[in-house]
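Visitor: Could you walk me through this one before I go back to the bench? I would like to hear what can be read from the coordinates.

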Amino acid sequence: MMRSISFFMMTFLLISSSVLIGCKDNTNESETPSAPAEAENNASSNKGQAFIDDDSENPNALRLAMDSEDHTTLVAAVQAAGVENALVNVGPLTVFAPTNAAFDKLPNGTVEDLLKPENKSKLAYILKNHVAPSNYPIDMLEKNIEKGRTLYMASGENVEVSKEGEDIVVGGAKIIGTVKVSNGWVHVVEDVILPKE
Amino acid sequence: MKNIFKIAVLGVLGLFIQSCGNGGSSDQKSGAITGNAAERVYVAPGEHDEYYAFLSGGYSGNLTVYGLPSGRMLKEIPVFSQFPTNGYGYSEETVPMLNTSFGFVPWGDAHHPDISQTNGELDGRWVFINENNTPRIARISLETFETEEIIEIPHSAGNHSSSFVTENTEYVVAGTRFSVPYPQRDMPIDEMKGNFKGPLTFIAVGDDGRMKIDFQLKMPGFNYDLSHPGRGDSHGWFFFTTYNTEEAHTMQEVNASQNDKDFIAAVNWKKIQEYVQNGGGEEIDAEYAHNVFDHSTQTATSTMENKVLTVDPREVEGAVFFMPTPKSPHGCDVDPSGEYIVGNGKLSTDLTIHSFSKMITAIENEDYEGDAYGIPILNFESTLAGTVKEGGLGPLHTEFDGKGNAYTTFFISSEVVKWKLGTWEVLDRQPSYYSVGHNMIPGGNSRKPFGKYMISMNKITKDRYLPTGPELEHSAQLYDISGEKMELLLDFPTHGEPHYAAGIPADKIKSKSQKIYRLDENEHEYAATSESETKMVRDGNEVHVYMTTVRSHFSPDNLEGIKVGDKVFFHVTNLEQDFDVPHGFAMIGANTSELLIMPGQTKTITWEPKKEGVWPFYCTDFCSALHQEMQGYVRVSSQNSNVPLKWTLDDEEIN
């Protein structure tokens, strides 16, 4: 039942490419202080909370996922859906993070399909179905089971939480590990929590 | 089960940030800003801003005044908190302003400013602001920019859904965020459900601004979060968001999010006003302070009131209805036409918009899906005008530009979103830095918004400014909303925590802004309107000093005959009659604050000398070239000395 999952640093290659992208826009803008009014209002250095370096002891939910080699699909999906900022907020948030293996269980081609630009809002909806704007550590989940309370997800759906033997199951997905993050909790799950809608 | 995972925090990510200059390197230019942003917010030296913005100071208890578009802070107006800068809440004249049924309360949590209206448009007479912790509403004059009146709200707790005014400032409202026993009594907390109440208080505002509680609506014990008045066709109604309709008394974090929908309460106040005028309602005991600052005596008085009129909403046919609204709605905003009522479901991705005309039809058809404590719940589908889908995550507040667009803040996804009324389509979104709470467009919740600028008031500052240790000021951002897309122009720090703001074109009030207090209208009991009137008067161990200031001396400036154990009242009148020539007064060892006295004003501070000696006082405001010479001495003798009272200027006795 117990399974250990390790988190590793992302490859240096990926980081380096981010640096390049991040700085390119910046340089362009900074050298044209008198650009005309119609200059595009694009966020580059003003990217949002997801990109602040806080020096905090705990990483936030997004950074934790980015640091995990078991969640590369999830991270790719978060980036494709453009919901990074929703995962770095003060929260509190509880994120149910499907592993790469969880995404692999979906029918062939599903993930590739969802990552297409035209399916951005559908993908965002599915991802939001994995985020509860609340503080749900394990003991709180157990309390919710006892008291018959559902979990309200950012998608707008209420998801059932139940116990199967020793395991806690959320929307059909078993929790296989838990990490406290700076803005709440990340529970690693074995399956994707598919929305009802 | 609970595996603890090894977490590798990446120094590499830190590298990425630094290399992008986000850490504050001086050559950084913000990529989100258009090239001529500086020009568009630049107000040249000596020029004035186009708008006033009044930002709530949150837990500072005060109200700050800014100019837009520059983002320059013009003033901090003390309201609910002591303010040593000018002696508010310390001076004898203003201590009564902070009196409550709980005694003197030196601090408050200021929330939502709202400017008075006539015909649904900003009229610039007063700005109201509520205090959340010890429920109160204050009225601030926009001629003197001073707090003129504070009324306490009895039987209420967490005065959050206020201080919004009706279309002609007939009423300013106060809600109850934390429902409580009504009236208060000793009872078990877990018997809350069905036994607590959430009164909504309607305070009538007179032509002179004076506030008087007209009636209190005894509503079910939900949490009443925010509110806005109807306007146009919906004038006569007031709308309040509710949450915790679960009536949870503990761990609301979880227990108040169980219901799929809470309500927007629609209150037909005109009906209740009529009912009350015809003798309806029940007068019950209450205890609340009503504090008024009188400009002629320059002194505040505090009166304790002991009755309030309470109305059971079920007794007034057709006066109160509930409109189901998803996910613990926070902001309750009404568009300029008065047709659309926006519920910002703070745990949702969507916004729910109700239609006023559909609501009226549903009421006529008795299209109910049930009732809550006897108050009809209208069918959700019947009042629904539309839904803004996938606006963002965690919507809080909406403002309007008067051109058919609405602007909503999303806390969790940290963005402001522009959408179209009627089609409900999202037109634009811009990230906010970071985690925006309220937004404000001058007049943006009235019949006539001025849709040129919007400010967002952000809860989290992080790296926006030079770091100042763990505690940071909050941050506001200015957007130009005159075009199709919102354009971020400026960041500026704000004081306390601005929960909301009210903005108005400068030309509506600036010409009325008072310059001095006229000395010939000064009716302060202890004023000395000329140096010849200055004196000392002993009454037991109390000594009243009638003192004046003028560039650059006090009169008297040598005082003798004060004894250890005396209580000395310095009543200081500023004889100046020129604009912007204040004088200050500070006394060594005074256990209060300084005084800052405007031309023509009289203010009083007390001093209880504990040691014999000769003690100096001085002017704290750099008033003139000889400011450093503006000082005096008080001789303090032993308790049983017989040194007579003596007051002189230039070694000459006065009078």
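Guide: What follows is a conversation about confidence, domains, sheets and a few individual residues in this structure, which is a predicted model.

Visitor: How confident is the predictor about chain A?

Guide: Chain A has an average pLDDT of 77, and 71% of its residues score at least 70. Over residues 1-45 of chain A, pLDDT stays under 50, although the model has 82 contacts beyond four places in sequence for that stretch. Where pLDDT is low, the predicted coordinates should not be read in detail.

Visitor: OK, which strands make up the open sheet in chain A, and in what order?

Guide: Six strands of chain A form an open sheet with mixed pairing, and their order is E2-E1-E8-E7-E6-E5. At the edges stand strand E2 (131-132) and strand E5 (161-164) of chain A, each of which pairs on one side only.

Visitor: What about E1 and E8, parallel or antiparallel?

Guide: Strand E1 (residues 93-98) and strand E8 (residues 184-189) of chain A run parallel and are joined by six bridges. If you want a pair to look for on screen, Val95(A) has Val186(A) in E8(A) as its bridge partner.

Visitor: And which helix packs on that sheet?

Guide: Helix H7 (residues 138-146) of chain A packs there, touching E5, strand E6 (167-170) and strand E7 (173-181) of chain A, and the direction of the helix makes about 95° with that of E5(A).

Visitor: Switching to chain B: how is it divided?

Guide: Chain B is divided into domain 1 (50-512) and domain 2 (519-653). The C-alpha centres of these two domains of chain B lie 43 Å apart, and twelve residues of domain 1 are in contact with 17 residues of domain 2.

Visitor: What kinds of residues are on the domain 1 side of that contact?

Guide: On the side of domain 1 of chain B that touches domain 2, the residues divide into two nonpolar, eight polar and two charged.

Visitor: I was looking at Leu596(B). Buried or exposed?

Guide: Leu596(B), which lies in strand E42 (residues 595-597) of chain B, counts as buried because it has 23 C-beta neighbours inside 10 Å, where 20 or more is the cut-off.

Visitor: Which residues does Leu596(B) touch?

Guide: Leaving aside residues up to four places away in sequence, Leu596(B) touches Thr85(B), Asn86(B), Gly87(B), Pro582(B), Gly584(B) and Asp621(B).

Visitor: Is there an open sheet in chain B to look at too, and what is its strand order?

Guide: An open sheet of four strands in chain B has the order E21-E22-E23-E26, with antiparallel pairing. Strand E21 (329-334) and strand E26 (384-388) of chain B stand at the edges with a single partner strand each, so one side of each is left without a neighbour in the sheet. Neighbouring strands of this sheet are turned by 20° against each other on average, direction ignored.

Visitor: How many bridges hold E23(B) to E26(B)?

Guide: Strand E23 (residues 351-355) of chain B pairs with E26(B) in the antiparallel sense over four bridges, and the bridge partner of Ile353(B) in E26(B) is Gly386(B). Helix H5 (residues 356-364) of chain B packs on this sheet, where it touches strand E22 (340-345), E23 and E26 of chain B, and its direction makes about 60° with that of E23(B).

Visitor: Then E31(B), is that strand covered or not, and what does it pair with?

Guide: Strand E31 (residues 436-440) of chain B is mostly covered, with five of its five residues buried. E31(B) pairs in the antiparallel sense with strand E32 (residues 453-458) of chain B over three bridges, and Met440(B) stands opposite Ile455(B) in E32(B).

Visitor: Last topic, backbone oddities. Where are the cis peptide bonds you would point out?

Guide: The bond from Ser162(B) to Ser163(B) is cis, with omega near 5°, and Ser163(B) is found in the loop between strand E9 (147-152) and strand E10 (171-174) of chain B. The bond from Ser555(B) to Pro556(B) is cis as well, with omega near -5°, and Pro556(B) has its place in the loop between strand E38 (553-555) and strand E39 (558-563) of chain B.

Visitor: And which residues other than glycine have a positive phi?

Guide: Among them are Asn244(B), with phi near 50°, and Asp650(B), with phi of about 60°. Asn244(B) counts as buried because it has 24 C-beta neighbours inside 10 Å, whereas Asp650(B) is exposed, with 10 other C-beta atoms within 10 Å.

Note on methods: Residues are numbered from 1 along each chain as its sequence is written. Chains are lettered from A and ligands numbered from 1 in the order in which they are written. This is a predicted model: local features need pLDDT of at least 70, side-chain atom pairs count only at pLDDT 80 or more; totals for chains, interfaces and linings use all residues. Domain bounds come from an automatic or database domain assignment. Two residues are in contact if their C-beta atoms, placed from the backbone, lie within 7 Å. Ala, Val, Leu, Ile, Met, Phe, Trp, Tyr, Cys and Pro count as nonpolar, Asp, Glu, Lys and Arg as charged, and the others, Gly among them, as polar. Two strands pair if DSSP finds at least two bridges between them. Helices (H or I, at least four residues) and strands (E, at least two) are DSSP runs, numbered from the N terminus. Axes are lines fitted to C-alpha atoms, for helices over the stretch in contact, and angles run from 0 to 180 degrees between N-to-C directions. A residue is buried if 20 or more other C-beta atoms lie within 10 Å of its own, exposed if 12 or fewer, and partly exposed in between; C-beta atoms are placed from the backbone. pLDDT is the predictor's confidence in each residue, from 0 to 100.
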